[in-house]
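User: I would like to learn how to read a structure feature by feature. Please show me the idea each time, then the case at hand.

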Amino acid sequence: MKLGDIRTIGVVGAGQMGRGISHVCARAGYHVLLVDVADPPLTEALTTIRGGLERAVERGNLTPHQAGEALALIHPVTRLDQLRVAQLIIEAIPEDLALKQDLFAGLDRICEPRAVFASNTSSISITKLGAASGRPDRVVGLHFMNPAPVMRLVEVVRGLQTSEQTMTLALDFTTQLGKTAVVAKDAPGFIVNRILIPMINEAIFVLQEGVASAQDIDLAMTAGTNHPVGPLALADRIGLDTVFAICEVLYQDLGDSKFRPCPLLRRYVETGRLGRKSGRGFHLYEASGDGCEVVGRRP
Ligand code: NAD
């Protein structure tokens, strides 16, 4: 499979990453089949994508006609078998190894043999996903950052059996989307999350130990180290369930106690405080018109 062969992309999972990736692919002119298990996340996804395209028009980055064309390229579907026409599949379902392995095994039965499967996983082994896919040479990590339409980076992750041809395709595709690629070995958390998640986890320990309030921890890191967003606000944006899942992968796969998830993080996830997507994490959020959310009061 070469870059020029890709016309239709299947994006599986219409959560915050799947909708951002669909937005980016449609803006690059690809047909996108966006799959989720039910209609509500797909409807919400289209609202978010429309809102994002409208903001791009307001900023003068797109004409209204281009925004309309991009939106028309995205087709929401609820059946996985509709992906049989796609040349590239990008999965963005929850950070759960068994769920992703099942998906890749299912996709192998549906998709044409030369189709390439990419995972947007934050930390899970691409080699393990490749083994479940029946086509390990055509499985690669394409780790977009959040929000995908805004962030420039994509980590391109080479599994143990990913072929050179698949790596070339993944790198060419990333460039075609206007993104900046870095290549990472298939190691837990790759580059970004190996560094970022321990910092976020440590910020949660600082909160748990009562060293400072959530607001002051974030202020310390924005005003004190010029981070554009504080670690707790960033965790809320990523989703605390996802942060917790990444911590667990780092801890289990690297076997070092320095990666153990903070108990407070576990408690928040267990009680459904997942960050922006549930309206409450380390901070409180209120829904706004286009499906985005804004910071509200102290929790
Ligand atoms: P999310 O919870 O917002 O969305 C996941 C979506 O997948 C949901 O809409 C859910 O209904 C759907 N889904 C679940 N099982 C499915 C299935 N079998 N088939 C189709 N759809 C299914 O999650 P997210 O934050 O978008 O994360 C998705 C992936 O992207 C994870 O692997 C995560 O680690 C990774 N990622 C997340 C971020 C982030 O900041 N949140 C950044 C980079 C990568």
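User: Is glutamate 69 buried, partly exposed or exposed?

Analyst: First, a caution: this is a predicted model. For exposure, look at the relative accessible area. Under 20% is buried and over 50% is exposed, with partly exposed in between. Glutamate 69 has 44%, so it is partly exposed. Glutamate 69 belongs to helix 3, residues 64-72. Its C-alpha atom is 16 Å from that of isoleucine 9, and the two residues are 60 apart along the chain.

User: Is leucine 53 buried or exposed?

Analyst: Apply the same scale. Leucine 53 has a relative accessible area of 3%, so it is buried. This leucine sits in helix 2.

User: What does leucine 53 contact, leaving aside neighbours within four places in sequence?

Analyst: Skipping sequence neighbours leaves the contacts made by folding back. For leucine 53 they are His23, Arg27, Leu62, Ala67, Ala70 and Leu71. You can also check a C-alpha distance. Leucine 53 and threonine 63 are 10 residues apart along the chain, and their C-alpha atoms are separated by 9.5 Å.

User: Now the core. Which residues of the largest nonpolar core touch the most other members?

Analyst: A nonpolar core joins buried nonpolar residues through their side chains. The largest one here has 40 residues. Ile9, Ile21, Cys25, Ile90, Leu142, Phe144 and Phe173 touch the most other members. Helix 2, residues 39-58, gives the most to this core, with 6 residues. Apart from this core lies another, of 24 residues, including Phe205, Ile246, Leu265 and Phe282.

User: Pick one residue of that list. What does phenylalanine 173 touch?

Analyst: Beyond residues up to four places away in sequence, phenylalanine 173 touches Leu3, Ile9, Cys25, Tyr30, Leu88, Ile90 and Leu142.

User: On to the ligand. How many residues surround the ligand, and which are the closest?

Analyst: Begin with the shell, then look at single atom pairs. The shell holds 23 residues, and the closest are Asp36, Glu95, Lys100, Ser122 and Ile238. By type, the shell residues divide into 10 nonpolar, 9 polar and 4 charged.

User: Which N or O atoms of the protein should I inspect around the ligand oxygens?

Analyst: Separate backbone from side chain. A polar backbone atom of methionine 17 is 2.9 Å from a ligand oxygen. The side chain of asparagine 120 has an N or O atom 3.0 Å from an oxygen of the ligand. For lysine 277, a polar side-chain atom lies 3.2 Å from a ligand oxygen. On its own, the ligand has 840 Å² of accessible area, and the protein covers 85% of that. Helix 1 (16-27) and strand 6 (139-144) are the elements that give two or more residues to the shell.

User: Last topic, the backbone. What is usual for phi and for peptide bonds?

Analyst: Most residues other than glycine have a negative phi, and most peptide bonds are trans. Look for the exceptions. The bond from asparagine 146 to proline 147 is cis, with omega near 0°. Proline 147 is in the loop between strand 6 and strand 7 (153-158).

User: Where is phenylalanine 190, and what is its phi?

Analyst: Phenylalanine 190 lies in the loop between strand 8 (180-185) and helix 7 (192-208). Its phi is positive, about 55°, although it is not a glycine. At 7% relative accessibility, phenylalanine 190 is buried.

User: Is asparagine 226 buried or exposed?

Analyst: Asparagine 226 is exposed, with a relative accessible area of 66%. Its loop runs between helix 8 (214-225) and helix 9 (231-238). Phi of asparagine 226 is also positive, near 60°.

Technical notes: Residues are numbered from 1 along each chain as its sequence is written. This is a predicted model: local features need pLDDT of at least 70, side-chain atom pairs count only at pLDDT 80 or more; totals for chains, interfaces and linings use all residues. Side-chain values use heavy atoms; hydrogens and water are left out. A nonpolar core is a set of buried Ala, Val, Leu, Ile, Met, Phe, Trp, Tyr and Cys residues joined through side-chain atoms within 4.5 Å. Buried means under 20% relative accessible area, exposed over 50%, partly exposed in between (1.4 Å probe, protein chains only). Helices (H or I, at least four residues) and strands (E, at least two) are DSSP runs, numbered from the N terminus. Contact means heavy atoms within 4.5 Å. A residue is near a molecule or strand if one of its heavy atoms lies within 4 Å of it. A polar contact is a pair of N or O atoms within 3.5 Å; within protein, one must be able to donate a hydrogen and the other to accept it, and residues adjacent in sequence count only if both atoms are side-chain atoms. Accessible areas come from the Shrake-Rupley method with a 1.4 Å probe; for residues, only the protein chains shown count as cover. Ala, Val, Leu, Ile, Met, Phe, Trp, Tyr, Cys and Pro count as nonpolar, Asp, Glu, Lys and Arg as charged, and the others, Gly among them, as polar.
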